[in-house]
Amino acid sequence: MPRQAPKPFKPVSLSAVAVLDAVARRIRHGFDIMDATGLPSGTVYPILGRLERDGYVRSKWESHAVAQREKRPPRRYYEITAAGSRALAASVEHYRTLGERLGLVTRKPSAG
């Protein structure tokens, strides 16, 4: 059977970069991710779902006992995967170079 060519890299959206970066910085549950990114729940939770589907983050629910002890609903905690770290780095680089090509980002003059 012929081997398929690897799929070309497709950067995640800028909003997904913000969410993935928050998770990479160990901001682990939805409300804290919303606070860190400034994005609303209607944006954050669908992005988290897509990132998990694509293998960039994984999640697990905390125990009901912990949530009950703290008198709140259980939280779903997210962590970045190795594939998510690679996608984050590649997406950040993509948008940085795109901004440079469009003249939206200027490089700081080097000292020396």
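In this predicted model, arginine 86 is found in helix α5. Its relative accessible area is 57%, and arginine 86 is exposed because the cut-off for that word is anything over 50%. A residue from elsewhere in the sequence can be located from here: tyrosine 56 lies 30 residues away from arginine 86 along the chain, and the two C-alpha atoms are 8.8 Å apart in space.

The helix that holds arginine 86 is a good place to continue. Helix α5 covers residues 82–101, 20 residues in total. From its first C-alpha to its last, α5 reaches 29 Å, close to the 28 Å expected at 1.5 Å a residue. Among the residues of α5, Gly84, Ala87, Leu88, Ser91 and Gly99 are buried. These five cover an arc of only 105° around the axis, and therefore they sit on the same side of α5. A general rule helps in reading such a pattern: an α-helix has 3.6 residues a turn, so residues three or four places apart point the same way. The partners of the buried residues of α5 are α1 and β2, the latter being residues 76–80. On the other side of α5, arginine 86 appears again, exposed together with Ala82 and Arg101. After the helix comes glycine 103, with a positive phi near 75°.

Helix α3 can be described in the same manner. It runs over residues 41–53, and its 13 residues should span 18 Å at 1.5 Å a residue; the end C-alpha atoms are indeed 18 Å apart, so expectation and model agree. Val44, Ile47, Leu48 and Leu51 are buried in α3. The arc they cover around the axis is only 105°, which means that they lie on the same side of α3. The buried residues of α3 pack against two helices, α1 and α2, and against two strands, β1 (57–61) and β2. Turned away from this buried side is a face that carries the exposed residues Gly42 and Arg53. Just after α3, glycine 55 takes a positive phi of about 85°.

Attention now turns to a pair of helices. Two packed helices are described by the angle between their axes and the distance between the axes. For helix α1 (residues 14–24) and helix α2 (residues 30–37), the angle is about 115° and the axes are 10 Å apart. The crossing of α1 and α2 is right-handed. On the α1 side, the contact is made by Ala18, Val19, Ala22 and Val23, while α2 contributes Ile33, Ala36 and Thr37. Sorted by character, the residues of this contact comprise 6 nonpolar, 1 polar and no charged.

Several residues in the loops also deserve a look. Arginine 26 is placed in the loop between α1 and α2. Its phi is near 70°, a positive value in a residue other than glycine. Arginine 26 has a relative accessible area of 67% and is exposed. The loop between α4 and β2 holds lysine 71, where phi is near 55°, again a positive value in a residue other than glycine. At 75% relative accessibility, lysine 71 counts as exposed.

Arginine 75 also has its place in the loop between α4 (64–69) and β2. With a relative accessible area of 28%, arginine 75 is partly exposed, because this value falls between the limits of 20% and 50%. Leaving aside residues up to four places away in sequence, arginine 75 touches His29, Lys60, Trp61 and Glu62. One of these, lysine 60, is 15 residues away along the chain, and its C-alpha atom is separated from that of arginine 75 by 8.5 Å.

Finally, the chain can be viewed as a whole. The protein chain has 5 helices and 2 strands, and along the sequence they follow the pattern α-α-α-β-α-β-α. Of its 112 residues, 28% count as buried. Among contacts with a separation of 6 or more, 50% come from residues 24 or more positions apart.

Conventions: Residues numbered from 1 in each chain as written. Predicted model: local features only at pLDDT ≥ 70, side-chain atom pairs only at ≥ 80, totals over all residues. Heavy atoms only, no water. Axes fitted to C-alpha atoms, helices over the stretch in contact; angles between N-to-C directions. Helix = DSSP H or I, 4+ residues; strand = E, 2+ residues; numbered from the N terminus. Left-handed = near helix turned anticlockwise from the far one by under 90°. Contact = heavy atoms within 4.5 Å. Nonpolar A, V, L, I, M, F, W, Y, C, P; charged D, E, K, R; others polar. Expected span 1.5 Å × (residues − 1). Buried < 20%, exposed > 50% of the residue type's maximum accessible area, 1.4 Å probe, protein only. Arc of directions from axis to C-beta.
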